[in-house]
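Here is a short tour for the bench, best read with the model open beside it. We will follow a few strands, then some charged pairs, and end at the surface.

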Amino acid sequence: MTLIRQLFTTFLPALVAPCLAATAFACEQGQGDCVEVGKWDVSVGLGVGVRTNPLADSDDIPLFIVPQINYQGERFFIQNLDLGMILWQSETQQLNLLATPSYDQVFFHRWSPSNFFIEGSTLATAGKDTGGGKNPVVTEGDGGDRELVAPEFMPLRERDLRDRHMAGLAGIEYSWSSSLVDLQIQYLTDFTQIHSGEELRIALAKQWRYGKHQWLASVGANWQSREVVNYYYGVSDAEADERGAYITDAALSPLLRLDWNYELSARWDLRVLASYRFLPDEISASPLINDNKVITVFVGGVYHF
């Protein structure tokens with residue numbers, strides 16, 4: 001894994017740079033669902049939405065403006081915050097080099113760039129609710145009227161927490177498409193050396209259209225190495241309260257997403273999006289976390305430039 005990380009750190013910038021000038025066309029304009037090479041697709045969603053924040057003593061993240069930026073070159077592409085280079089492709093398969101930011105820092109930094117985009121690649125099935133491995137509650141009161149009360153610990157705002165920065169991830173992306181379902185697999189490693197961790201993402205997606213209605217449903221999972229999980233959700237001795245430090249292992253987060261669009265005009269769509277990320281015990285048992293799920297919902301209009 002170390003060798004792979006060194007290769008991406010050394011060669012990815014050199015490989016991607018020559019592709020920025022690609023402006024050829026992969027297909028004729030108006031030919032089915034193919035992507036016109038060399039053209040930008042920019043839209044912005046205006047509406048009301050929220051991403052719940054599982055971080056203790058933290059507010060949920062509002063979503064009012066959701067941009068969408070796509071560019072497809074002959075070999076180079078941009079999808080929101082993702083940058084990629086096509087290494088090989090056929091009618092049903094594609095192999096890419098991919099650079100993308102990590103997303104876990106969004107809970108710690110309200111103005112993170114990732115909070116202005118709704119990540120849309122790896123999405124997955126919700127797992128069984130096990131209570132997140134939280135510390136048991138204590139009881140107070142006498143007789144039969146006993147009340148469950150969460151134990152009192154030092155609020156996060158009163159602790160000197162270290163910064164959790166956005167890492168840059170790079171790696172290989174493989175996709176396969178059929179008439180029934182689309183498969184996407186990404187192996188990513190931290191080329192910025194923020195946490196020196198790795199992620200493996202897998203997703204199955206199904207798209208279908210009926211008249212002006214378009215749906216996208218996807219299920220998948222995101223595996224993160226212990227370096228990633230401990231960087232964002234681990235607790236050092238200097239950050240700890242009465243519960244002490246927290247060190248954990250790698251984690252697998254299932255996800256689920258459903259997206260609906262309705263075409264109002266050539267420029268405007270209606271959009272409803274909902275996603276659910278289940279936080280496994282390795283994350284939800286952290287003293288920094290008070291929930292075992294992240295729910296994202298957005299309802300609004302989308303304007304296409």
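Strand 5 (residues 93-101) and strand 8 run antiparallel to each other and are paired over nine bridges. To find this pairing on your screen, look for Leu 97, whose bridge partner in strand 8 is Ile 172. Keep in mind that this is a predicted model.

Strand 8 also pairs with strand 9 (residues 182-190), again in the antiparallel sense and over nine bridges. Here Ala 170 stands opposite Thr 189 in strand 9. The link from strand 8 to strand 9 is a hairpin of four residues. As general background, strands of a sheet pair through backbone hydrogen bonds, in either a parallel or an antiparallel way.

What do these strands belong to? They are part of a closed barrel of twelve strands with antiparallel pairing, in the order 1-2-3-4-5-8-9-10-11-12-13-14. On average, neighbouring strands of this sheet are turned by 20 degrees against each other, direction ignored. Further along that order, strand 13 (residues 268-278) and strand 14 (residues 293-304) form an antiparallel pair over eleven bridges. A handy marker for that pair is Tyr 276, which stands opposite Ile 295 in strand 14.

A helix meets the barrel strands as well. Helix 2 (residues 226-233) lies across strand 10 (198-210), strand 11 (213-224), strand 12 (251-263) and strand 13. The angle between helix 2 and strand 11 is about 95 degrees.

Now to the charges. Side chains of opposite charge can pair when their charged atoms come close. How many salt bridges does a search of the whole structure find? The search gives seven, including these:

| Salt bridge | N to O distance |
|---|---|
| Arg 162 and Glu 239 | 3.5 Å |
| Asp 259 and Arg 257 | 3.2 Å |
| Asp 291 and Lys 293 | 3.2 Å |

The pair of Arg 162 and Glu 239 links distant parts of the chain, 77 residues apart. Arg 162 sits in the loop between strand 7 (147-149) and strand 8 (168-177), while Glu 239 is in the loop between helix 2 and strand 12. Are the two partners buried or exposed? Glu 239 is buried, because its relative accessible area is 2%. Arg 162 has 31% relative accessibility, so this residue counts as partly exposed. Arg 164 joins in too: Arg 162, Arg 164 and Glu 239 are linked in a network of salt bridges.

The other two pairs are worth a look. Asp 259 is buried at 6% relative accessible area, and Arg 257 is buried at 5%. With Asp 291, the relative accessibility is 25%, so this residue is partly exposed. Lys 293, at 24%, is partly exposed.

Finally, turn to the surface. Which residues make the nonpolar patch? Leu 46, Val 48, Phe 64, Ile 65, Leu 264, Trp 268 and Leu 270 form a nonpolar surface patch of about 660 Å². Strand 1 (39-51), strand 2 (61-72) and strand 13 are the elements that each give two or more residues to this patch. Phe 64 is found in strand 2. At 48% relative accessibility, Phe 64 falls in the partly exposed class, because exposed means over 50%.

Methods
Residues are numbered from 1 along each chain as its sequence is written. This is a predicted model: local features need pLDDT of at least 70, side-chain atom pairs count only at pLDDT 80 or more; totals for chains, interfaces and linings use all residues. Side-chain values use heavy atoms; hydrogens and water are left out. Two strands pair if DSSP finds at least two bridges between them. Axes are lines fitted to C-alpha atoms, for helices over the stretch in contact, and angles run from 0 to 180 degrees between N-to-C directions. Contact means heavy atoms within 4.5 Å. A salt bridge is a side-chain nitrogen of Lys or Arg within 4 Å of a carboxyl oxygen of Asp or Glu. Buried means under 20% relative accessible area, exposed over 50%, partly exposed in between (1.4 Å probe, protein chains only). Patches are made of residues with over 30% relative accessible area and no salt bridge: like charges are joined within 9 Å, nonpolar side chains (Val, Leu, Ile, Met, Phe, Trp, Tyr) within 5 Å. Accessible areas come from the Shrake-Rupley method with a 1.4 Å probe; for residues, only the protein chains shown count as cover.
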